[in-house]
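User: Please explain the terms applied to this model, setting each value against its definition.

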Amino acid sequence: MGHGVLLVDDEATLARNVQRFLERDGYDVRTAATLREGWRQFEEFRPDVLLLDLALPDGNGLDLLARIRAQDRQVKVVI
């Protein structure tokens, strides 16, 4: 597989479509619908790129970004 991408977005249809699109181009994609799940996936998966929604059911995506940046300053982030 190619590079790892973590998509954190609570819009299931959007997340599924982006995942399919990226997987067709060889990316290994994981998804999460909440901050909590996003953090768990990040710790397990250690993606190269994080696609992050700001408005999530359990908080603001910037909170997750701060936590991730404290662990990994190299991961690329698209908000």
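Analyst: The exchange below takes up a helix, a surface patch and a loop residue. This is a predicted model, in which local features need pLDDT of at least 70, side-chain atom pairs count only at pLDDT 80 or more, and totals for chains, interfaces and linings use all residues. Residues are numbered from 1 along each chain as its sequence is written, and side-chain values use heavy atoms, without hydrogens and water.

User: What makes the buried residues of α3 line one face of the helix?

Analyst: In α3 (residues 61–71), a DSSP run of H or I with at least four residues, G61, L64, L65 and I68 are buried, that is, under 20% relative accessible area with a 1.4 Å probe and protein chains only as cover. Seen down the axis of α3, they fall within an arc of 105°, so they line one face; the arc is taken from the directions from the helix axis to the C-beta atoms. On the other side of α3, D63 and A70 are exposed, which means over 50%.

User: Why is L54 called partly exposed?

Analyst: Its relative accessible area is 37%, and partly exposed covers the range between buried and exposed; therefore L54 is partly exposed. L54 lies in the loop between β3 and β4. Together with L62 and I79, L54 makes a nonpolar surface patch of about 270 Å².

User: What phi does R46 have, and where is R46 placed?

Analyst: R46 has a positive phi of about 50°, although it is not a glycine. R46 is placed in the loop between α2 and β3. With a relative accessible area of 38%, R46 is partly exposed.

Methods: Helix = DSSP H or I, 4+ residues; strand = E, 2+ residues; numbered from the N terminus. Patch = residues over 30% accessible without salt bridge, like charges linked within 9 Å, V, L, I, M, F, W, Y side chains within 5 Å. Areas by Shrake-Rupley, 256 points an atom, 1.4 Å probe, with all protein chains shown as cover. Salt bridge = Lys/Arg side-chain N within 4 Å of Asp/Glu carboxyl O.
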